[in-house]
Amino acid sequence: MNADLQRLIELEKIDREALRLTEEVASLPRRVAAIEAKLAEHKAAVEQAKARVKSNEASRRQNEAEIKAFQEKIAKYRSQSSSVKTNDEYRALMHEVEFAEKQISGCEDKILELMIGLENEEKALKVAEAELKTEAADVEKEKSEARVRTAEDEKLLAGLKGKRDELRAGVDYSALAHYDRVMRQRKSALAEARDQKCMACFVMVRPQIWQEIRTNEQIITCNSCGRILFFDPASEPAAPEPAKKKSKARAAEVETEAQQPEQESTPTQ
Ligand SMILES: [Zn+2]
């Protein structure tokens, strides 16, 4: 095989791996940020549950204070009732006592309701706290995994850079420039040629070119997508060659319509 072609095949593998690692390194802080946002939601849920328990307790204290105040009023009305002069005054006081008792009963109902509510609110708080604890542990685990992965990826990237520099130094300048240009534009710079087609854009190559590609002795680029073509004997189909006439006709078509690769993706077999 052509030495430059061999090096470019290896270089592309390294570049693709480096790209994957670089993207992974960039994605890790985003993943950590996403799980931290989830953690913040759990923290907020705990705070809300705590606030509900607190407000329940405050309502209960308020109702208890109201009961105490009404009880004091009742005691006052009863002591006043022994010194009233008329039946009307006495009835008015008793009416006040009755009203205060009704208020106390209402407060007691409310307290019972609050106590039942408190049980549920405390349960909800416990659930929220347990979820927060689990989530916090998960976040720590994810963070430390992200740190380890980032360090590993960066180490791998440093190793790849050395190999990459070495390979690039050995490739012919114009072949390398072509490789870089196609890599930039298409994210891959090489394509396997199989069944007389570029396997990246599926446009056919002329039979004569195909014979040259099969030797892997030259840098040959796809007329349609610009990728450097190579032949892998392992991909050679066991079936006999397709009808020569038809292939030639297709190849000729392709040659004239190389600017519209989409129209040339129909397989010929
Ligand atoms: Zn192509």
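Author: Let's start with a definition: a residue counts as buried if 20 or more other C-beta atoms lie within 10 Å of its own, exposed if 12 or fewer do, and partly exposed in between, with C-beta atoms placed from the backbone. This is a predicted model, in which local features need pLDDT of at least 70 and side-chain atom pairs count only at pLDDT 80 or more, while totals for chains, interfaces and linings use all residues. Residues are numbered from 1 along each chain as its sequence is written.

Reader: Thanks! What percentage of the protein chain counts as buried?
Author: The protein chain has 269 residues. The share of them that counts as buried is 15%.

Reader: What pattern do the helices and strands follow along the sequence?
Author: Helices (H or I, at least four residues) and strands (E, at least two) are DSSP runs, numbered from the N terminus. The protein chain has five helices and four strands. Read in sequence order, they give α-α-α-β-β-α-β-β-α.

Reader: How far does α1 reach from its first C-alpha to its last?
Author: The expected span of a helix is 1.5 Å times one less than its number of residues. For α1, with 79 residues, that expectation is 117 Å. The reach in the model is close to this, at 117 Å.

Reader: Where in α1 does the kink lie?
Author: A bend is the angle between axes fitted to the seven residues ending at a residue and the seven starting there. In α1 there is a kink of about 25°, shortly before the proline P29. The kink lies at S27.

Reader: Which elements do the buried residues of α1 pack against?
Author: Contacts here are residue pairs whose C-beta atoms, placed from the backbone, lie within 7 Å. Buried residues of α1 include L5, L8, L11, A49 and F70. Their packing partners are α2 (87–169), α3, β1 and β4.

Reader: Is E64 in α1 buried or partly exposed?
Author: E64 is found in helix α1, and its C-alpha atom is separated by 9.9 Å from that of K110, 46 residues apart along the chain. There are 13 other C-beta atoms within 10 Å of E64, so E64 is partly exposed.

Reader: Which residues touch the most other members of the largest nonpolar core?
Author: A nonpolar core is a set of buried Ala, Val, Leu, Ile, Met, Phe, Trp, Tyr and Cys residues joined through C-beta atoms within 7 Å. The largest one here has 23 residues, and α1 (3–81), α3 (173–186), β1 (190–194), α4 (207–215) and β4 (228–231) each supply at least two of them. Domain 1 (3–169) and domain 2 (175–264), whose bounds come from an automatic or database domain assignment, each give at least three residues. The members touching the most others are L8, A191, A193, C198, I228 and L229.

Reader: In what order do the strands form the open sheet?
Author: Two strands pair if DSSP finds at least two bridges between them. β1 and β2 run antiparallel with two bridges, whereas β1 and β4 run parallel with four. β2 and β3 (220–221) each have a single partner strand, so one side of each is left without a neighbour in the sheet. The pairing is mixed, and the order is β2-β1-β4-β3.

Reader: What is the bridge partner of A193 in β2?
Author: For comparison, E192 has F230 as its bridge partner in β4. The hairpin of β1 and β2 has two residues between the strands, and D195 there takes a positive phi near 50°. On the β2 side, A193 is bridged to C198.

Reader: Is K187, with its positive phi, exposed or buried?
Author: Most residues other than glycine have a negative phi. K187 is not a glycine, yet its phi is positive, about 65°, and K187 is found in the loop between α3 and β1. Because K187 has 10 C-beta neighbours inside 10 Å, it counts as exposed.

Reader: And is F202 exposed or partly exposed?
Author: F202, also not a glycine, has a positive phi of about 65°. F202 lies in the loop between β2 (197–198) and α4. With 19 C-beta neighbours inside 10 Å, F202 counts as partly exposed.

Conventions. Contact = placed C-beta atoms within 7 Å.
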